[in-house]
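Student: I would like a close look at one part of this model, the largest nonpolar core. Which residues touch the most other members?

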Amino acid sequence: MKYKNAEFRDMRLIENKLKSDAMAFRQEPSAALHENIMQNINKQHKVVTRDEKVFSIYQWLVPTGFAMGTLLFVGLNIQQATVVERINMTLPSNGQEMTAMADMMASFKVDLLPQTLEMKLTNHIKIEQQALQQDLKYLKSLFVL
Amino acid sequence: MNEQSLIQQAQADIANNGVTSSFSQLVTLYQARLYQYLLARCHNSHDAEDILQETFINAYKYLSSYNSQWQFSTWLFTIANRLIKKQQKLYSQNNEMLSIDMTTELDTVSIDQSNIWLQIKKMLSATAYDVLWFFYIEELSIKEIAKILQCSQSWVKISLFRSKKKNWLQVRKLKFCQKIFFWRDKLQYEI
C-alpha cells in the first residue's frame, strides 16, 4: 500500500504503536494455570474413555439381545412339525431326481394319453369283476334257500 | 522436535492410550500467544483464563480433526474466537455485559488507559479488532485471518483498510487537537 509522506508517517506511527502497546498484554500465564489445563484434559480423557467402553458394551449387547429374542419368539410360536413340513415342501430331499422325472414326463407327453386310458380300463374291469362276484354270491345264497 | 511432528505425536498418543505429555508440550508452546490475545480481547484475566482452558480442552478433544494445511495457531485461534463469541452471547443473554464492561477496566492489570488497543476497542467492532490483532501482532496472512473469522478474504482486506483509515483519522484528529492546545497555551503565555 502506497501512502503520501505525511500519511505514511502516521501509518507507520500507528503500526508501531499497535505493536508496542500489544506488549502490555504479554503476560505469561501462571504455572498453576498450565497444571489446571493438563488436569482438566486428563479428566476429560478419562470421561471419554469411559463413555467409549459403555458404548462398546451397548454396541454388542443390543444386536445380540435382539437376535436371541427373535430366535426365542420363533421357537415358541412355530411348532417343530410344521417347520419340518415346510422344509420338506420347499426343499425336496432329492432335487436332482425330481427334475429328471419332470424332464422325462415332458418328453413323453404324447404317450401319456394311452397310458391313462389303459389305467381307466383296468379300473373299470376290476369294478365289473367285483360286481359279478357280488352277483354270484347273491345267486348262491338264493340256491341255498 | 518441530511443530508438525509434535502435533502428529500428540495425535498418535491420543489415539492410542491418551498420553498427554506431547500435548502438554503443545500447550506450553502456544499458551502465551493465546493468553495475550485473550487478555487483549476480553480485557479480563478471569475470562481469558477460562477461555484458554476451554480452548486447549477442545483442541485435545478434536485434535484428530485438525487439518495440517493450516497452521496449528490458526486452528487454536479459531477455537478461541468461537469460544469468545459464545461467551459474549451468554453474557448478552444474561444481561451481564454491562457489569462485565465496568469491571474489565479495573481487572485489566497494569494496562495504561492510553493504550491504543483499549482505544481501538471503543472505536471498532470486535471483528475489526480481531483483524487488526491477527494482522499486526500475530502476523498471520489474510487467508488465515479469513479462516479464523469465517469470512471472505476480500472482507478481511476491506476491514483492515477501514480500521487503518479510522485509526489514521484518529491520529490526525489528535495531532490537530495537540496543535490547537499548543497555540492556545502559547497565546495565553504571551498575553
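Tutor: pLDDT is the predictor's confidence in each residue, from 0 to 100, and helices (DSSP runs of H or I, at least four residues) are numbered from the N terminus. Because this is a predicted model, local features need pLDDT of at least 70 and side-chain atom pairs 80 or more, whereas totals for chains, interfaces and linings use all residues. Residues are numbered from 1 along each chain as its sequence is written, with chains lettered from A and ligands numbered from 1 in written order.

Chain B has a mean pLDDT of 81, with 89% of its residues at 70 or more. Among its elements, mean pLDDT is lowest in helix H5(B), residues 97-107, at 49, and highest in helix H8(B), residues 142-149, at 90. Chain B contains nine helices and zero strands.

The largest nonpolar core (buried Ala, Val, Leu, Ile, Met, Phe, Trp, Tyr and Cys residues joined through C-beta atoms within 7 Å; buried means 20 or more other C-beta atoms within 10 Å, C-beta atoms being placed from the backbone) has 42 residues, of which Leu34(B), Leu38(B), Ala80(B) and Ile145(B) touch the most other members. At least two residues each come from helix H2 (31-77) of chain A and from H1, H2, H3, H4, H6, H7 and H8 of chain B. H2(B) gives the largest share, eleven residues. Domain 1 (1-111) and domain 2 (112-191) of chain B each contribute at least three; these bounds come from an automatic or database assignment.

Beyond its neighbours within four places in sequence, Ile145(B) is in contact (C-beta atoms within 7 Å) with Val131(B), Phe134(B), Phe135(B), Leu140(B) and Val156(B).

Note on methods. A residue is buried if 20 or more other C-beta atoms lie within 10 Å of its own, exposed if 12 or fewer, and partly exposed in between; C-beta atoms are placed from the backbone. Two residues are in contact if their C-beta atoms, placed from the backbone, lie within 7 Å.
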